[in-house]
Amino acid sequence: MTPLILVVEDDELVRLSLAHLLTHAGYRVQAAADRDEAIRLVELEPPRLILLDWHIPWGMDGPAFAAALHERGLRQACPILLACGDPTAEKAQAVGAIGAMGKPFQLNELLERVAGALAQCA
């Protein structure tokens with residue numbers, strides 16, 4: 001079955017672009033416009049990977065979102081790949097991410113990092 005990726009990104013253009021690029025690359029993609037929608041989507045069908053923005057202005061940043069998943073017992077089932085302007089090991093660790101990538105990113109880098117993250121979680 002084709003892996004499902006959940007894109008959690010506050011910037012609409014970035015969120016839609018990521019969804020389009022990943023869909024075109026052959027993945028099933030869901031994109032969340034807000035925190036509640038992201039959690040609802042994870043509860044309905046846990047994705048193989050969450051591509052998570054660090055800065056989420058919905059009253060919940062990346063670490064708080066990861067904590068909300070953990071509280072619902074969904075954190076282990078949903079590996080996170082962090083995407084942010086200044087990716088650091090500390091930020092990746094704060095959300096329990098398996099990796100972090102900088103924004104903006106190149107298409108090839110995005111696809112390589114997503115494929116690597118999915119392989120790591122297989």
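This briefing describes the sheet, the packed helices and the nonpolar cores of the structure above. The model is a predicted one. Its open sheet contains 5 strands, arranged in the order β2-β1-β3-β4-β5 with parallel pairing. β2 (28-32) and β5 (99-102) occupy the edges; each has a single partner strand, so one side of each is left without a neighbour in the sheet. From one strand to the next, the twist averages 20°.

**Strand pairing around β3**

- Strands β1 (residues 4-8) and β3 (residues 49-53) are paired in the parallel sense, and 4 bridges connect them.
- Within this pairing, Val8 has Leu52 of β3 as its bridge partner, while Val7 stands opposite Leu51 in β3.
- β3 is also joined to β4 by 4 bridges, and these two strands run parallel.
- Ile50 has Ile80 in β4 as its bridge partner.
- Strands of a sheet pair through backbone hydrogen bonds, in either a parallel or an antiparallel arrangement.

**Burial of β3**

- β3 is mostly covered, with 5 of its 5 residues buried.
- Leu49, Leu51 and Asp53 point one way from the strand, whereas Ile50 and Leu52 point the other way.
- Asp53 is thus named among the buried residues of β3, together with Leu49, Ile50, Leu51 and Leu52.

**Helices packed on the sheet**

- Helix α2 (residues 35-44) packs on the sheet and touches β1, β2 and β3.
- The direction of α2 makes about 145° with that of β2.
- Helix α3 (residues 62-71) lies across β1, β3 and β4 (80-84).
- Relative to β3, helix α3 runs at about 150°.
- β1 and β3 are therefore named among the strands touched by α2, and α3 lies across both of them.

**Nonpolar cores**

- The largest nonpolar core has 23 residues, of which Leu6, Val8, Ile50, Phe65 and Val95 touch the most other members.
- At least two residues of this core come from each of β1, α2, β3, α3 and β4.
- A second, separate core comprises 14 residues, including Leu18, Met101, Leu110 and Leu118.
- Two residues of the bridge pairs recur in the largest core: Val8, the partner of Leu52, and Ile50, the partner of Ile80, both belong to the group that touches the most other members.

Notes. Residues are numbered from 1 along each chain as its sequence is written. This is a predicted model: local features need pLDDT of at least 70, side-chain atom pairs count only at pLDDT 80 or more; totals for chains, interfaces and linings use all residues. Side-chain values use heavy atoms; hydrogens and water are left out. Two strands pair if DSSP finds at least two bridges between them. Axes are lines fitted to C-alpha atoms, for helices over the stretch in contact, and angles run from 0 to 180 degrees between N-to-C directions. Contact means heavy atoms within 4.5 Å. A nonpolar core is a set of buried Ala, Val, Leu, Ile, Met, Phe, Trp, Tyr and Cys residues joined through side-chain atoms within 4.5 Å. Buried means under 20% relative accessible area, exposed over 50%, partly exposed in between (1.4 Å probe, protein chains only).
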